[in-house]
Amino acid sequence: MCIIGASGHYGYVLEELSEDFEISAIAPGVLNEDVSHLLFKLERLSLKPRVYENYSEMLRLEKPDVVVINTHFYMNGRILQEVLQMGIHAFVEKPIATNLKDLERIQELHSLLKKEVRFAAMFGLRYKAWFLTAKHIVESGAIGDIRLMNAQKSYKLGERPAFFRKRETFGGTLAWVGIHAIDWIHWISNKRFVSVCALHSRMANRNHAELEVTGACLFELEQEVIATVSVDYLRPEGAETHDDDRLRIVGTKGVLEVAEGRVKLIDEDGTRFVPLTEGGRIFKDFLNCVLGKNECMVSEQQSIYATYIALKAIEAADNHTTIRF
């Protein structure tokens with residue numbers, strides 16, 4: 001296995017190190033990308049991969065079975081196309097593309113390759129015990145038919161790398177942060193999006209140039225289900241946790257609230273916190289998929305679809321309009 005870049009969630013890989021695979025080499029995904037912190041962590045784990053300056057050369061010489069793509073986000077789509085054409089399985093940072101042209105080409109390649117070459121977006125939050133629990137409760141029918149969903153992503157801003165400060169290299173906050181909430185809505189409701197209107201703002205972004213620090217989307221899903229997404233980078237530095245993920249699901253028989261790592265169920269029997277399902281590990285799930293042991297919970301088509309919806313939400317916010325799918 002090879003790793004391209006060190007700007008994303010390569011931690012998913014490091015937490016799953018085993019004898020099942022070897023990290024043979026790493027390389028930056030763009031010129032001057034700093035991969036020193038990844039190298040440092042690998043060395044602390046007694047791993048000494050070869051280091052290349054050019055990822056294309058690394059792929060040509062190493063011929064890996066699997067590539068982890070987590071470089072500057074605007075390169076995700078280009079590199080994913082390249083590795084798919086080489087027949088290499090890819091675990092790729094989200095969004096898997098920051099423009100529709102790259103995404104359309106990825107869809108074409110997936111249609112040609114189908115299950116011969118596997119890839120998955122890093123939707124690791126699905127594997128948290130509280131989101132898995134919410135998914136299972138919805139599937140059990142305990143809250144009836146979903147009619148409304150409210151999803152929230154809130155992060156501390158801190159001091160972001162330079163590539164976050166340009167839309168061209170970052171891709172947009174709705175695509176980088178909001179895509180998780182979009183994915184929860186589709187994955188848990190199993191409904192497709194019908195339309196979106198959205199807003200985002202760069203005001204109060206603490207000298208982060210083009211980075212949007214607030215945003216919101218209003219979606220219509222199939223069967224007139226309504227969903228909202230809010231994202232912000234204004235979580236106070238004094239908060240106990242870096243992020244504050246929340247999801248509220250309103251059904252015809254009850255309401256589910258996911259917050260602070262717990263799941264609250266409100267129904268005709270009252271209000272209570274429910275026992276959590278055991279959490280999972282996304283990279284382990286993906287590797288088992290590559291090895292033919294199971295299907296990954298994050299499919300290629302879901303990776304493409306959530307990226308498409310996120311990119312259209314940005315388009316709606318940029319143009320202050322409503323887009324129908």
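Visitor: Where is Pro95 found?
Guide: Pro95 is in the loop between strand 5 (89-92) and helix 5 (100-113). Helices and strands here are DSSP runs, numbered from the N terminus: a helix is H or I over at least four residues, a strand is E over at least two. The peptide bond from Lys94 to Pro95 is cis, with omega near -10 degrees.

Visitor: What should I know before we go on?
Guide: This is a predicted model, in which local features need pLDDT of at least 70 and side-chain atom pairs count only at pLDDT 80 or more, while totals for chains, interfaces and linings use all residues. Residues are numbered from 1 along each chain as its sequence is written, and side-chain values use heavy atoms, leaving out hydrogens and water.

Visitor: What makes two strands a pair?
Guide: DSSP must find at least two bridges between them. Strand 12 (residues 255-259) and strand 13 (residues 262-267) have 5 bridges, so they pass. They run antiparallel. One bridge joins Glu257 to Lys264 in strand 13.

Visitor: In what order do the 9 strands of the open sheet stand?
Guide: The order is 14-13-12-11-7-10-9-8-15, with mixed pairing.

Visitor: Why do strand 14 and strand 15 each have one side without a neighbour in the sheet?
Guide: Strand 14 (270-273) and strand 15 (322-324) stand at the edges, and each has a single partner strand, so one side of each stays free of a neighbour in the sheet. From one strand to the next, the twist averages 10 degrees.

Visitor: Which strands does helix 9 touch?
Guide: Helix 9 (residues 178-189) packs on the sheet and touches strands including strand 7 (146-154) and strand 8 (193-201). Touching means contact, with heavy atoms within 4.5 Å. The direction of helix 9 makes about 155 degrees with that of strand 7. Such angles run from 0 to 180 degrees between N-to-C directions, with axes fitted to C-alpha atoms, for helices over the stretch in contact.

Visitor: Why is the pair of Phe73 and Trp176 called stacked?
Guide: Rings of Phe, Tyr and Trp (its six-membered ring) pair if their centres lie within 6.5 Å; planes under 30 degrees apart count as stacked, over 60 as edge-to-face and the rest as tilted. The structure holds 16 aromatic pairs. For Phe73 and Trp176, the centres are 4.0 Å apart and the planes 20 degrees apart. Both values meet the rule, so the pair is stacked. Phe73 lies in the loop between strand 4 (66-69) and helix 4 (76-85), and Trp176 in helix 8 (residues 173-176), so the pair ties together parts 103 residues apart in sequence.

Visitor: How do you know whether Phe73 is buried or exposed?
Guide: Buried means under 20% relative accessible area, exposed over 50%, partly exposed in between (1.4 Å probe, protein chains only). Phe73 has 0%, so it counts as buried. Trp176 has 7%, so Trp176 counts as buried too.

Visitor: What makes Phe131 and Trp184 a stacked pair?
Guide: Their ring centres are 4.3 Å apart and their planes stand at 25 degrees, so the pair is stacked. Phe131 is in helix 6 (residues 129-140) and Trp184 in helix 9, 53 residues apart.

Visitor: How do you know that the charged end of Arg262 sits over the ring of Phe273?
Guide: The rule asks for NZ of Lys or CZ of Arg within 6 Å of the ring centre and within 35 degrees of the ring normal. The charged end of Arg262 is 3.9 Å from the ring centre of Phe273. Arg192 also lies over a face, that of Tyr305, at 4.0 Å from the ring centre.

Visitor: Why is Cys217 not bonded to Cys197?
Guide: A disulfide needs two cysteine sulfur atoms within 2.5 Å. The sulfur of Cys217 is 8.4 Å from that of Cys197, its closest, so the gap is too far for a bond. Cys296 is in no disulfide either; its nearest cysteine sulfur, in Cys289, is 5.6 Å away. The count comes to 0 disulfides.

Visitor: Is Glu260 buried or exposed?
Guide: Glu260 has a relative accessible area of 63%, so it is exposed. It lies in the loop between strand 12 and strand 13. Its phi is positive, about 55 degrees, although it is not a glycine.

Visitor: Why is Arg206 called partly exposed?
Guide: Arg206 has a relative accessible area of 45%, so it falls in the partly exposed class. Arg206 sits in the loop between strand 8 and strand 9.
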